[in-house]
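This note sets out, for a colleague's consideration, a reading of the structure shown below.

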Amino acid sequence: MLAKPELTVSSDDYARLYSLLESMPDSETADQLMDELERAVVVEKQELPPNVVAMHSKVTFTVVSTNRTFTYKLVYPHEATEENTLSVLTPVGSALLGLSVGQEIEWPLSGKKMSLVRLDSIES
């Protein structure tokens, strides 16, 4: 397993996601997102670099094992009903939060199956 890359999260996203996770029942994906939040460097929103995934960022990423590229807007679960959105509570969504362009992260998809995800670009 690869070492997890550094993450940066805005204080606004951190507070809102932490509150959301505390109100939810335990699940593997929620636990993984909580772990990511706990290891992230938290900065003020205006200090978040433009090459870092935040909530509502439009991201393009590649699943390395399949070499398939996707573009989605990272959203909160209640917003994931719109086309081309990806909930932060999906395995890939929680993996992308806080990554910088060019970083890769190995992430569990289901059970013991792992996938390597690379962040290609961001539009805020």
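The numbered points that follow treat the fold, the core, the helix packing and several individual residues.

1. Basis and overall architecture. The model is a predicted one. The protein chain comprises three helices and seven strands, and from the N terminus on these elements follow the order β-α-α-β-β-β-β-α-β-β. The chain is as compact as a globular protein of its length, because its radius of gyration of 13 Å is close to the 14 Å that the globule rule gives for 124 residues.

2. Dimensions, burial and contact range. The C-alpha trace spans about 35 × 30 × 30 Å along its principal axes. Of the 124 residues in the protein chain, 44% are buried. Among contacts with a separation of 6 or more, 55% are between residues 24 or more positions apart.

3. The largest nonpolar core. This core holds 29 residues, and the members that touch the most other members are Leu-17, Leu-33, Phe-61, Val-88, Leu-96 and Leu-97. Two or more residues are given to the core by each of helix H1 (11–22), helix H2 (28–39), strand S3 (58–63), helix H3 (91–96), strand S6 (104–110) and strand S7 (113–123). H2 provides the largest share, four residues.

4. Surroundings of Phe-61. Which residues does Phe-61 contact, leaving aside its neighbours within four places in sequence? The set consists of Arg-68, Thr-69, Phe-70, Tyr-72, Leu-86, Val-92, Leu-96, Val-117, Arg-118, Leu-119 and Asp-120. One of these, Leu-96, is also listed with Phe-61 among the core residues that touch the most other members.

5. Packing of H1 against H2. The axes of H1 and H2 are 10 Å apart, and the two helices pack at an angle of about 145 degrees. Their crossing is left-handed. H1 contributes Tyr-14, Leu-17, Tyr-18 and Leu-21 to the contact, while H2 contributes Ala-30, Leu-33, Met-34 and Leu-37. By class, the residues of this contact comprise eight nonpolar, no polar and no charged.

6. Ser-94. This residue lies in helix H3. Is Ser-94 buried or exposed? Ser-94 is buried, because its relative accessible area is 0%, below the 20% limit for burial. Not counting residues up to four places away in sequence, Ser-94 touches Thr-29, Leu-33, Glu-36, Val-88 and Trp-107. Leu-33 and Val-88 also appear among the core residues that touch the most other members.

7. Tyr-72. Strand S4 (residues 68–75) contains Tyr-72. With a relative accessibility of 25%, Tyr-72 counts as partly exposed. Apart from residues up to four places away in sequence, Tyr-72 touches Ser-57, Lys-58, Val-59, Phe-61, Asn-84, Thr-85 and Leu-86. Tyr-72 and Val-101 are 29 residues apart in sequence, with their C-alpha atoms 15 Å apart in space.

8. The loop between S4 and S5. Both Glu-83 and Asn-84 are found in this loop, which precedes strand S5 (85–87). Glu-83 counts as exposed, because its relative accessibility is 70% and the limit for exposure is over 50%. Asn-84, at 47%, is partly exposed. The C-alpha atoms of Glu-83 and Tyr-72 are 8.7 Å apart, for residues that are 11 apart in sequence. Asn-84 is itself one of the residues that Tyr-72 touches. The backbone of Asn-84 merits inspection: its phi is positive, about 60 degrees, although Asn-84 is not a glycine.

9. The loop between S2 and S3. His-56 lies in the loop between strand S2 (41–43) and S3, as does Val-52. His-56 also has a positive phi, of about 75 degrees, although this residue is not a glycine. His-56 counts as partly exposed at 31% relative accessibility, whereas Val-52 counts as buried at 4%.

10. Contacts of Val-52. Where does Val-52 make contact, leaving aside its neighbours within four places in sequence? Val-52 is in contact with Thr-8, Ser-57, Gly-98, Leu-99, Ser-100 and Ile-122. Ser-57, one of these, is also touched by Tyr-72. Val-52 and Ser-94 are 42 residues apart in sequence, and the distance between their C-alpha atoms is 14 Å.

Conventions:
Residues numbered from 1 in each chain as written. Predicted model: local features only at pLDDT ≥ 70, side-chain atom pairs only at ≥ 80, totals over all residues. Heavy atoms only, no water. Core = buried A, V, L, I, M, F, W, Y, C linked by side-chain atoms within 4.5 Å. Buried < 20%, exposed > 50% of the residue type's maximum accessible area, 1.4 Å probe, protein only. Contact = heavy atoms within 4.5 Å. Axes fitted to C-alpha atoms, helices over the stretch in contact; angles between N-to-C directions. Left-handed = near helix turned anticlockwise from the far one by under 90°. Nonpolar A, V, L, I, M, F, W, Y, C, P; charged D, E, K, R; others polar. Rg over C-alpha atoms; globule rule 2.2 N^0.38 Å.
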